[in-house]
Amino acid sequence: MCPRGRSKIENFEEMDFSLMKKIITDCSDLSFTPLVHFSGYGEPLAYPEIQKAMQLCNKRKLKWSVNTNGFFLEKYAEDFVINNCSHITVSVHGDPLEHDKTTGVNGSFDKAFRGIIELDQVKKRLKKRAPLIAIVCVITNNNVLNLKNILGTFMKAPVNSITFEHTFFTPDDIEKRSDFLIREEDKLNRLIEFIEFIEYTKNPIRVYMFPKIEKRDIIGYYTDKDYKFPESCIVPWLSVAIFPDGDVKFCNQFLVGNLKNDSLKSIINSREATKFRDLVRKGKLSMLPKPPSCFRCCFRHYC
Ligand code: SF4
């Protein structure tokens, strides 16, 4: 749950399939094999051409994955398996009540769970181990006191891992006391207890916290905007985001090129991209063009 994801989507656009085809082809022409990850501001499985995109990734022998709210999982379960999807991350906001309230769709929790079960059954039927299935749950002020119960509910699903994610926010969110943000010290202490619980409990399914933050730094992470964390991140060397209009951006917001004019290879090696990476390499995260971005970004290193 990042600040950009929480904002209303304006000027909603769908990627033209000819551009999708160019991206997938560009990816398969690189000297290394990247992971193509379908994610974004909307729900990737609502993209009308998603089935063709899956088939093309498979045909070009690319490793690919999806981040989804699970609503269309049942519909595409077989496509994921036969097209060799590597992993699927299903975002769930908490227990059924909390999830349905957050999505605004009654029954969306049950639908996502039915999708996970269907996917598992297709994998078994076709004797495939992939895709690996992960549940990700963002920790908020609304679900923080219920994390153990939520974990118990998730444990009933046939998944390979469960991740609880610290939310991404800006200094403004601390100042404005945004609703989703955990502020009270007793709630933060309960969160620390939960982290201890998953560290010391042997669970049948792998359970992770993301990003990794030391327990002693949790209160600083959530409440102190001047708290000092390391200024390091390796994400701009590992990924770029591609938008429906062909814009290529680091961290979803720093524009480095457009695929309608250039190839992916030339964009990721461009002067703009190198300049950006230089600032990150020198630990100057606060000097990036849009400074609050790294503040509590989930990809930054906090230890
Ligand atoms: S920490 Fe900064 S550079 Fe790294 S991914 Fe986040 S926004 Fe980008």
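Helices and strands here are DSSP runs, helices of at least four residues and strands of at least two, numbered from the N terminus. Counted that way, the protein chain of this predicted model has 13 helices and 9 strands.

Let's start with the overall picture. The C-alpha atoms of the protein chain fill a box of roughly 50 × 50 × 35 Å along the principal axes. Is that in line with a globule? For 303 residues, a compact globule would have a radius of gyration near 19 Å, and the protein chain comes out at 20 Å, which agrees. Of those 303 residues, 27% count as buried. The contacts also reach a long way along the sequence: take the ones between residues at least 6 apart, and 70% of them join residues at least 24 apart.

Now zoom in on helix 6, residues 108-125. With 18 residues at 1.5 Å each, helix 6 should span 26 Å, and its end C-alpha atoms are indeed 26 Å apart, so the two agree. The buried residues of helix 6 are S108, F109, A112, F113, G115, I116 and L119. Look down the axis and these buried residues fall within an arc of 155 degrees, so they line one face of helix 6. The spacing makes sense once you recall that an α-helix has 3.6 residues a turn, so residues three or four places apart point the same way. Turned away from the buried side, helix 6 shows the exposed residues Q121, K124 and R125.

What does the buried face of helix 6 pack against? Its partners are helix 4 (73-82), strand 3 (87-91), helix 5 (96-103) and strand 4 (132-139). Just past the end of helix 6, K127 has a positive phi of about 55 degrees. A little further on, a cis peptide bond with omega about 0 degrees joins A130 and P131, and P131 sits in the loop between helix 6 and strand 4.

Helix 4 is worth a look from its own side. Its buried residues are L73, Y76, A77, F80 and V81. They cover an arc of only 150 degrees around the axis, which puts them on the same side of helix 4. The cover over these buried residues includes strand 2, strand 3 and helix 6, so helix 6 turns up here again, just as helix 4 is among the elements that the buried residues of helix 6 pack against. Right after helix 4, N84 takes a positive phi of about 60 degrees.

Positive phi values turn up in other loops too. K61 lies in the loop between helix 3 (50-59) and strand 2 (63-68), with phi near 55 degrees even though K61 is not a glycine. K61 has 9 C-beta neighbours inside 10 Å, so it counts as exposed; the cut-off for exposed is 12 or fewer. N252 is another non-glycine residue with a positive phi, near 70 degrees, and its place is the loop between strand 8 (247-250) and strand 9 (254-258). Buried or exposed, or partly exposed: which is N252? Its 17 C-beta neighbours inside 10 Å make N252 partly exposed.

Next, follow E165, which belongs to strand 5 (residues 161-166). With 16 other C-beta atoms within 10 Å, E165 is partly exposed. Which residues does E165 touch, leaving aside those up to four places away in sequence? They are V136, C137, V138, I139, F210 and C298. T68 is 97 residues from E165 along the chain, and their C-alpha atoms are separated by 15 Å. F210, one of the contacts of E165, is also where a cis peptide bond begins: the bond from F210 to P211 has omega near -10 degrees. P211 itself is in the loop between strand 6 (206-210) and helix 10 (218-223).

Finally, the ligand. Which residues are around it? The shell consists of C233, V235, P236, C251, V280, L285, S293, C294, C297, F299 and R300. By type, that shell divides into 9 nonpolar, 1 polar and 1 charged. As for M287, it is found in the segment after helix 13 (271-281). With 12 C-beta neighbours inside 10 Å, M287 counts as exposed. M287 and G220 are 67 residues apart in sequence, with 22 Å between their C-alpha atoms.

Methods. Residues numbered from 1 in each chain as written. Predicted model: local features only at pLDDT ≥ 70, side-chain atom pairs only at ≥ 80, totals over all residues. Expected span 1.5 Å × (residues − 1). Buried ≥ 20, exposed ≤ 12 C-beta atoms within 10 Å, placed from the backbone. Arc of directions from axis to C-beta. Contact = placed C-beta atoms within 7 Å. Near = placed C-beta within 6 Å. Nonpolar A, V, L, I, M, F, W, Y, C, P; charged D, E, K, R; others polar. Rg over C-alpha atoms; globule rule 2.2 N^0.38 Å.
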